[in-house]
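Subject: Structure handover

Hi there,

Here is the structure I promised to pass on to you. Please have a look at it first, and then read my notes below.

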Amino acid sequence: MRLSLKPLKRASATLRRLSAVAHLAPPSPPPPDQSSPIPETLSLLQSTDPSSWLTNVDLNPLLSSLSPPSVLKITRELPNYENAFQLFNCLKTIPQLSDSTPLASQAVLEHAMRENPECAGKLYELFALSQEQNIPLSVNSGTLLIKCFGRAKMLDEMMMVLDAIDEEIKNTDVLNLAVSGLLEWGRVDDAFKLLDEMLAPDALYHPNSNTSAITFSYILNRNWSGRNLRDEEIYNLVLRFGEHDLFPSGFRLTQIIMRFCREGKSEYAWTVLREAMNLGSDVEIASCNSLLTSLGQNKDVARMNLLMDEMKEKGIKPNIVTYGIMIKQLCRFRRLDEALEVLEKMRDGELGVKPDVIIYNTIINGLCRVGRQEEGFKLMEKMRLESNCRPNTVTYNCLIDGFCKMGEIEKGHELFDQMSREGVELNVVSLNALLDGMCKNGRVSSAMDLFGSMREKGLQGNIVSYTILITAFCAVGNIDKAMKLFDEMRETGCCADAIVYYSLISGLSRAERMDDASYIMLKMKEAGFSLDIVCYNTMIGGFCKRNKVDKAAEMLKDMEKDGLKPDRVTYNTLLSHFCSKGDFTHARSVMKEMRRDGLKPNVVTYGALIQGYCSHDNLDEAMKLFGEMGLSSKAPPNTPIYNILIDAHCKNDDVEGALSLMDDMKTKGVRSSSTTYNALFKGLQQRHWLEKALEFMDQMTEQECDPDYTTMEILTEWLSAVGEMEKLRKFVKGLSGFCFDDDC
């Protein structure tokens, strides 16, 4: 339902007062036109007092004989608004001119607008008076009023004017003005009601191209003042306009497609773009590129290919960006051979677009990510043959990273040096790629030397550089160097990220330097970072190693304050500590608390308890837990569990029990390790069961279980003492890393 207002009561009084204003001296009349009454009428109007117009014997017949267009022309040519309004009042009294008064009213409105463009209030008074006196609005008068009221934000008055225009003369352009006014000031729902009427199948006034342009120009404007429209609303509106063959085209269509894709509504974008293409709308390549990107992100390769085919059918020519998107997605899906085929077609000119450096870099990066860095290197050499595709920093960075990730540090270093020789700018990404490769391949000292030498040449590291080095030094236990780098990083103005803090806390905790770890944790919180469950567990583990259970308890309280609940790792860490100390009362308490929190014990939980009981000569309790594990499908015993128990049985001289466990392992398909056999060999040696030991040596060979140095130490001592060295020689024959002195 449209909004309406009652006309203002003061309007008629004001206008009557205006009608009595004295006549101003008229300008010199134009030369008379003998074929029309207009010149003579104008001359008499301008030379006669307005109060005598109706009684003037010469003027009255002329006025009565005027046609509506003539009335409009004469009223327009009067010198000012006051004269025009006086004539309008005069004409209302002449019955023969009833059809002309709407046009006279239009001219009065035009005068008012000319003299004062900001006179929306005065125009409303005129409109209200005309409504009181049942003077119909001409379509031009209505248009003028709607424009004026729309600009003045008098939207209710604007809708009153729209309702006042006779349905027979109303048209689409008038409704477009109303839609524009409503949308401009954010009255979205009212505008959509009007659009609903226009878009209905049985509408009196169907939308035109201007309706579509007005609607979408407003709702897609970044400075849109109306309520946020849902993607579904825009989608439905687009389709409804499409039913009238009024799909948005060109830039507006691109805006819509990009919005849908940005919001993850690729289905909407897919439907709208294909409808627009089928209707022959102006479709920009940017629309297609946006949809291709979205489809690629959704891994919808089938639709990407279908869209490319339909673009070809509709004559929409792909550009370099289009092929870049396709190649990027092919590389992302590891379909490198297909990407290389597209590249070759581009190089041969089949596709009408030559590859640029971005295309080459995309494929080189894709090749390096799947371990085909040698092909990437050859492709860089092909780039040199292209006039506009010289390898740049990104090209080299991709290759350096690729070679370093595969452990080919020398090749990465060679490319790094080649960049300097060829004048290709080295950046911190180049440095970090090489540093990361060197550190991950055990060359931490060399990485530090490189970092220092590049800094002397003016290439400063960033937070990533320091993170790589600090993490590497923590991993090799050089905590002092890691801390020194941390201090240096802060002095250079680099803000540490969460990874740096986590690496330091982890390294310090492993080194049992808990005071330093606590200091780093404090600095981490001061920097605005929150500790996660992994970090808390690391700290708890470190305090447990130092036997500072009270500090571990403090960490638990801090976890709860931060809204974190202990997980299995937390409970297993605490349980392992108590078991190692033989404090099974607290261990069982932790187990109960764990279950109360809804966490079922896993194999690590059982392992900690079994290890604790075995270490404190309580094999019976350990075997009870082992039996409990056998009943659980979610925590069945694994190789480490069997190793603990077999070792404990052998140490208690219960070799029969150990052999029974070996049989159980075989039955349940649990693979034995060298640790398993080492424990068993020690037990068999105590019993002098040589034949049984030889059987297990053969079993190790059958299972391809390589002996370790402990195995060789046990067997060498035992078999040499009983004169069975030849059997030991056969056992180790073909095993790498082992030899006897006379064989080496």
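**Around L415**

Leaving out residues up to four places away in sequence, L415 touches F377, M380, Y396, L399, I400 and F403. Before you go further, please keep in mind that this is a predicted model. L415 belongs to helix α23, which covers residues 409–421. With a relative accessible area of 1%, L415 is buried. As a gauge of distance, L415 and A608 are 193 residues apart in sequence, and their C-alpha atoms are 50 Å apart in space.

**The largest pocket**

You may want to start with the pockets. The largest pocket has a volume of about 530 Å³. Its lining has 16 residues, and those closest to the centre are M308, Y323, V342, K345 and L351. Three helices each supply at least two residues of this lining: α17 (301–313), α18 (320–332) and α19 (336–348). Which of them gives the largest share of the lining? That is α17, with five residues. By class, the lining of the largest pocket holds eight nonpolar residues, seven charged and one polar.

**Helices α17 and α18**

Two of those helices deserve a second look. In α17, the buried residues are V301, M304, L307, M308, E310 and M311. M308 is thus buried and is also among the residues closest to the centre of the largest pocket. The cover over the buried residues of α17 includes α15 (266–278), α16 (285–297) and α18. The length of α17 agrees with expectation, because its 13 residues should span 18 Å at 1.5 Å a residue and its end C-alpha atoms are 19 Å apart. Just after α17, G315 has a positive phi of about 75 degrees.

The same check on α18 also agrees: its 13 residues should span 18 Å at 1.5 Å a residue, and its end C-alpha atoms are 18 Å apart. Buried in α18 are T322, Y323, G324, I325, M326, I327, Q329, L330 and C331. Among what covers them are α16, α17, α19 and α20 (357–369). Y323 is one of these buried residues, and Y323 is also listed with those closest to the centre of the largest pocket. As a reminder, an α-helix has 3.6 residues a turn, so residues three or four places apart point the same way.

**The second largest pocket**

The second largest pocket contains about 340 Å³ of space. Its lining consists of I219, L220, N221, R222, W224, R227, N228, L229, Q255, M258, R259 and R262. Helix α14 (residues 250–262) gives the most to this lining, with four residues. By class, the lining of the second largest pocket divides into five nonpolar, four charged and three polar residues.

**A cavity**

How many cavities of 30 Å³ or more are there? The count comes to one. The largest cavity has a volume of about 70 Å³. F85, F88, S105, V108, L109, L126, F127, L129, S130 and L137 line the largest cavity. Helices α5 (81–91), α6 (101–115) and α7 (120–132) each supply at least two of the lining residues, and the largest share, four residues, comes from α7. Eight of the residues that line the largest cavity are nonpolar and two are polar, with no charged residue.

**Cysteines**

A search of the whole structure for disulfides finds zero. C288 is in no disulfide, and the nearest cysteine sulfur, in C261, is 11 Å away. C288 counts as buried because its relative accessibility is 0%. Why is C331 not bonded to C398? The sulfur of C398 is the closest cysteine sulfur to that of C331, but the two are 10 Å apart, which is too far for a bond; a disulfide needs the pair within 2.5 Å. C331 also counts as buried, at 10% relative accessibility.

**A loop residue**

One last spot is N56, in the loop between α2 (38–47) and α3 (59–64). Is N56 buried or exposed? N56 is buried, because its relative accessible area is 17% and buried means under 20%. Apart from neighbours within four places in sequence, N56 is in contact with T48 and P61.

Happy to talk any of this through whenever it suits you.

Best wishes

Conventions: Residues numbered from 1 in each chain as written. Predicted model: local features only at pLDDT ≥ 70, side-chain atom pairs only at ≥ 80, totals over all residues. Heavy atoms only, no water. Buried < 20%, exposed > 50% of the residue type's maximum accessible area, 1.4 Å probe, protein only. 1 Å grid on protein atoms, 1.4 Å probe; cavity = no way out; pocket = protein on both sides within 12 Å on 5 of 7 lines; lining within 4 Å. Points joined across faces, edges and corners; volume = space filled by probe spheres on them. Nonpolar A, V, L, I, M, F, W, Y, C, P; charged D, E, K, R; others polar. Expected span 1.5 Å × (residues − 1). Contact = heavy atoms within 4.5 Å.
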